[in-house]
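The following exercises concern salt bridges, burial and contacts in a single protein chain. Please work through each task before reading its solution.

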Amino acid sequence: DGSMKLAADSILYDKGDTHVGMKNFQALQSENAQKSNLNISSTNLDLKKAGAVVTADKMSFDLEKNKETGASSALLTGENIKIIKDGNNISADNAQVKLIQNADGSGLTEITAQNPNINLKDGSNLNVKGNTTLSMTQGANGQLKNINAKADEVNFQDKVNTAKVVGGNLNVNYDDKGKIKDLSANANSVNFKNKDSQINAQNASVVANYENDKITSIAGNVGKLDYTSKQGSMNLTNGAVNGNFNPDGSISNINGKFDNLKYNTQQGNLDVSKGDVTAKFNPDGTLASIKGGAEQLSYLSNKGDKIDAKGFGVEITNGKNGLEKATAVVGELNYLSKTGDNLNVIDGKASISRDPKGFISNINGSADKITFNSKNGDNIVAKGTSININGNENGLSDASIKVGELNYLSKTGDNLNVIDGKASISR
């Protein structure tokens with residue numbers, strides 16, 4: 001056990017791979033059975049050893065090593081600090097840097113600084129503007145495991161991803177292969193992009209999960225969210241959202257409560273206002289189903305099917321030929337098929353079957369009012385329960401209603417009215 005204190009106006013030392021240069025130097029070294037400690041303060045620091053470089057205009061340096069565990073830590077406080085070690089480069093104005101290295105090679109870097117910039121040997125870059133709190137965790141193999149930064153502005157880039165966070169916090173976790181596992185941000189604005197997709201969010205608190213550099217899900221609360229991929233785009237304002245993605249970057253499902261949602265692909269366009277809905281999409285991007293409530297909901301497929309709905313308890317299920325199920329428990333749903341058939345449901349529900357050509361062959365359901373206009377000019381209006389309508393491209397074949405009234409007007413002007421009963425038609 002013991003200690004040693006040194007002071008000098010200027011020091012210059014060179015031996016082997018070690019170079020030390022500094023002015024206004026003070027040092028205190030102490031040692032006991034458990035640990036050794038070295039505290040240095042100086043100006044104009046220039047330190048090189050075994051490939052590592054530390055320079056600073058002004059610095060205090062506190063180095064501690066645990067003799068039992070082999071772990072070491074360094075606390076650096078200074079101005080205009082630059083650190084190069086193992087291919088990693090760190091620079092900062094007016095900074096405090098804490099470096100911890102464990103015996104197995106794992107470690108932690110914590111920085112409180114102004115305008116730090118970090119370049120890592122794996123090609124990653126972190127540039128932060130303003131007052132900053134930053135931490136980085138590395139595994140035993142030197143692989144980056146986590147980055148957490150809080151600052152006026154955070155800019156991050158690796159081989160495939162770029163991120164920009166303004167006025168908030170960014171947290172990035174990595175898997176064992178060094179690929180991003182998840183990214184979370186709480187900020188005034190967030191921008192994140194890779195070769196497949198891009199996310200822009202404002203007034204956001206979001207979490208995005210990744211696998212093999214591809215986004216798999218996103219969740220959070222946003223003032224505004226814009227998502228763009230090769231397959232389409234999504235725009236959302238003022239809401240909470242959860243979404244899952246296919247490997248190609250297209251959305252597989254999304255649910256949330258928001259002021260407005262727009263989702264546009266080559267297969268169709270969905271627009272929801274004041275909604276609380278769950279929407280599912282087929283692998284080709286077409287709408288599979290949507291459920292929930294909305295002030296206004298519109299969907300237009302690239303095949304020509306069009307759906308407009310509003311109210312609560314809205315449920316829409318699509319099949320390969322178009323709409324299969326339509327429900328508006330309280331509200332209204334209107335459907336215009338690619339073949340020209342038109343269905344309107346008010347405060348009720350209807351299920352639809354089609355023939356091989358896509359024409360509606362059956363409608364059954366219950367509603368305050370169901371209106372059906374076929375492409376060939378037939379018109380059906382039904383009000384009540386257990387409504388059942390069968391037909392084909394030539395028109396109505398039979399109709400029944402258990403409790404209520406059904407009215408049929410054919411394209412030729414024939415009229416049929418059914419009250420609490422059933423009628424069959426031959427043509």
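**Exercise 1.** Identify which residues are linked with Glu153 in a network of salt bridges, and state how many salt bridges a search of the whole structure finds.

*Solution.* Step 1: Lys129, Glu153 and Lys164 are linked in a network of salt bridges, where a salt bridge is a side-chain nitrogen of Lys or Arg within 4 Å of a carboxyl oxygen of Asp or Glu. Step 2: searching the whole structure gives 11 salt bridges.

The conventions come next. The model is predicted, so local features need pLDDT of at least 70 and side-chain atom pairs count only at pLDDT 80 or more, while totals for chains, interfaces and linings use all residues. Residues are numbered from 1 along each chain as its sequence is written, and side-chain values use heavy atoms, with hydrogens and water left out.

**Exercise 2.** For the salt bridge between Lys35 and Glu64, give the N to O distance, locate both partners and classify their accessibility.

*Solution.* Step 1: the side chains of Lys35 and Glu64 meet at 3.6 Å, N to O. Step 2: this pair links distant parts of the chain, with Lys35 in strand S3 (residues 35-49) and Glu64 in strand S4 (residues 52-66), 29 residues apart. Strands (E, at least two residues) are DSSP runs, numbered from the N terminus. Step 3: Lys35 is partly exposed because its relative accessible area is 36%, and Glu64 is partly exposed at 30%. The classes are buried (under 20% relative accessible area), exposed (over 50%) and partly exposed in between, with a 1.4 Å probe and protein chains only.

**Exercise 3.** Asp196 and Lys214 form a salt bridge; determine which class of accessibility applies to Asp196 and which to Lys214.

*Solution.* Step 1: the N to O distance between the two side chains is 2.9 Å. Step 2: Asp196 sits in the loop between strand S13 (180-193) and strand S14 (197-211), whereas Lys214 belongs to strand S15 (residues 214-229), 18 residues apart. Step 3: Asp196 has 14% relative accessibility and therefore counts as buried; Lys214, at 30%, is partly exposed.

**Exercise 4.** Describe the surroundings of Thr18: its strand, its burial and its contacts.

*Solution.* Step 1: Thr18 is found in strand S2 (residues 18-31). Step 2: Thr18 counts as buried because its relative accessibility is 14%. Step 3: not counting residues up to four places away in sequence, Thr18 touches Tyr13, Lys48 and Lys49, contact meaning heavy atoms within 4.5 Å. Step 4: the side chains of Thr18 and Lys49 are also joined by a polar contact of 3.4 Å. A polar contact is a pair of N or O atoms within 3.5 Å; within protein, one must be able to donate a hydrogen and the other to accept it, and residues adjacent in sequence count only if both atoms are side-chain atoms.

**Exercise 5.** Characterise Thr286 by location, burial and contacts.

*Solution.* Step 1: Thr286 lies in the loop between S18 and strand S19 (287-301). Step 2: at 14% relative accessibility, Thr286 counts as buried. Step 3: apart from residues up to four places away in sequence, Thr286 touches Gln267, Phe281 and Tyr299. Step 4: the C-alpha atoms of Thr286 and Lys320 are separated by 9.4 Å, although these residues are 34 apart along the chain.

Conventions: Helix = DSSP H or I, 4+ residues; strand = E, 2+ residues; numbered from the N terminus.
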